[in-house]
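Open the model in your viewer and keep the selection tool at hand. The stops below can be taken in order.

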Amino acid sequence: MLFDWTLSELGVPDKGKVCVQCTNCEASIKCEDCFAFLCHICDQMQHFLMPFHHRLYWKNGFYEPLDPTQTVCPEGNIFHWKPVVPAQPPNSCPNCTDCKFKISSSSNLCIFITIMGRYDLYTPIYTCHCGYEHQQLGKTMHKSGFYSSLGKSSTFYSTSLLESWHHIKRNCPGTSFRALVTALESFGASRGRIGPINYITSKRVFFEWRFQQYELRKIRGEADNECPACDKTPLAVHIDGNKKLYRYNKVGRYYMEGGGKKEVA
């Protein structure tokens, strides 16, 4: 029975499947995050600010993954469009104090690394009716949950991904960081997003972010030198292991201070 359910889920809809949004046009795209079949017009309206959704189209009786910057009409023609990364808008316009902005796509095609792999997406431009445009790339992305190593970097890492890496590395110390990056590349490729993820940049960003978390814990007054072996779920039972786990949180200090040499975690 479970296998039958799996087969039915993979079944391509019959010709004439209606879009669930407009109920007028023929659907050509399936979104596995929205749980909906959409036409290409409704697809663009729905996913302009949701580019991280996993979308599929059917070709020759099978589902094929769609790149976030692609959509497809019922005739099967694939064309390019420019969805944007959802970002926190400015509080108000500095010219007229209005707080309503029109969102449009910029020409900046940046790399965004999330727990689902690599995405090549456009950044947003917020335009006020008075003509003011807001596009502070680094700061805006930082407020919106993406971290970059340099202020003018065009590669951004999701903070939820960095946090996931932290828990994996801390609880599975033998896990290779290069293997984590390779796994992200493989997962993205399985969903139609083929592109490399720079290992050196990823490691630097992770070390910097991790050291920032260490400094934040110090500001909050949280203890960071507790013995991991005395905990209810010990991570180490040897003084050498305890020392390494303590240093693990501070290993990014050298990168934050402008260094580039490799440190041992």
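The tour goes from the whole chain to its two sheets, then to the cysteines, one histidine and one helix.

**Whole chain**

Start with everything shown as a cartoon, and bear in mind that this is a predicted model. The protein chain has 8 helices and 11 strands. Colour by relative accessibility next: of the 265 residues in the protein chain, 37% are buried. If you draw a contact map, look at pairs at least 6 apart in sequence; 52% of those contacts join residues at least 24 apart.

**The four-strand sheet**

Select β1 to β4. These 4 strands make an open sheet with antiparallel pairing, in the order β2-β1-β3-β4. Its edges are β2 (36-38) and β4 (62-65), each of which pairs on one side only. Ignoring direction, neighbouring strands here are turned by 35° against each other on average.

Narrow the selection to residues 29-31, which are β1; 3 bridges join this strand to β2, and the two run antiparallel. To see one residue pair across that seam, show Cys31, which stands opposite Ala36 in β2.

Now add residues 40-47. This is helix α2, which lies across β1, β2 and β3 (55-59) and runs at about 120° to β2.

**The five-strand sheet**

Hide the previous selection and show β7 to β11. They form an open sheet of 5 strands with mixed pairing, in the order β9-β8-β7-β11-β10. The edge strands are β9 and β10 (146-147), and each pairs on one side only. Strands of a sheet pair through backbone hydrogen bonds, either parallel or antiparallel.

Which way do β7 and β8 run with respect to each other, parallel or antiparallel? Select residues 102-114 for β7 and 117-127 for β8: the strands are antiparallel, and 10 bridges join them. They form a hairpin with 2 residues between them. Two residue pairs help to follow this ladder. Lys102 stands opposite Thr127 in β8, and Ile111 has Asp120 of β8 as its bridge partner.

Then turn to the pairing of β7 with β11. Residues 155-158 make up β11, which runs parallel to β7 and is joined to it by 3 bridges. Show Ile113 in this seam, with Tyr157 of β11 opposite.

Extend the selection to residues 159-171, helix α4. This helix lies across β7, β10 and β11, at about 60° to β11.

**The cysteines**

How many disulfides does a search of the whole structure find? The result is 0. A disulfide is a covalent bond between the sulfur atoms of two cysteines. Show Cys39 and Cys42 as sticks: the cysteine sulfur closest to that of Cys39 belongs to Cys42, but at 3.6 Å it is too far for a bond, since the cut-off is 2.5 Å. Cys39 itself is buried, at 2% relative accessibility.

Move to Cys130, which is in no disulfide either; its nearest cysteine sulfur is that of Cys93, 3.5 Å away. Cys130 is partly exposed, with a relative accessible area of 38%.

**His129**

Select His129, found in the loop between β8 and β9 (133-134). Is this residue buried or exposed? His129 is exposed, with a relative accessible area of 64%.

Leaving aside residues up to four places away in sequence, His129 touches Cys96 and Asp98. Cys96 is 33 residues away in sequence, and the C-alpha to C-alpha distance from His129 is 9.1 Å. With Asp98 there is a polar contact, side chain to side chain, at 3.3 Å.

**Helix α6**

The last stop is residues 199-220, helix α6. Its 22 residues reach 32 Å from first C-alpha to last, close to the 32 Å expected at 1.5 Å a residue.

Look at the start of α6: there a side-chain oxygen of Asn198 comes to within 3.0 Å of the backbone nitrogen of Ile200. Next, show side chains along the helix. Its buried residues include the aromatics Tyr199, Phe206, Phe207, Trp209, Phe211 and Tyr214. The charged residues Lys203, Glu208, Arg210 and Arg217 are also among the buried residues of α6. Finish just after the helix, at Gly221, which takes a positive phi of about 80°.

Conventions: Residues are numbered from 1 along each chain as its sequence is written. This is a predicted model: local features need pLDDT of at least 70, side-chain atom pairs count only at pLDDT 80 or more; totals for chains, interfaces and linings use all residues. Side-chain values use heavy atoms; hydrogens and water are left out. Two strands pair if DSSP finds at least two bridges between them. Buried means under 20% relative accessible area, exposed over 50%, partly exposed in between (1.4 Å probe, protein chains only). The expected span of a helix is 1.5 Å times one less than its number of residues. A polar contact is a pair of N or O atoms within 3.5 Å; within protein, one must be able to donate a hydrogen and the other to accept it, and residues adjacent in sequence count only if both atoms are side-chain atoms. Axes are lines fitted to C-alpha atoms, for helices over the stretch in contact, and angles run from 0 to 180 degrees between N-to-C directions. Contact means heavy atoms within 4.5 Å.
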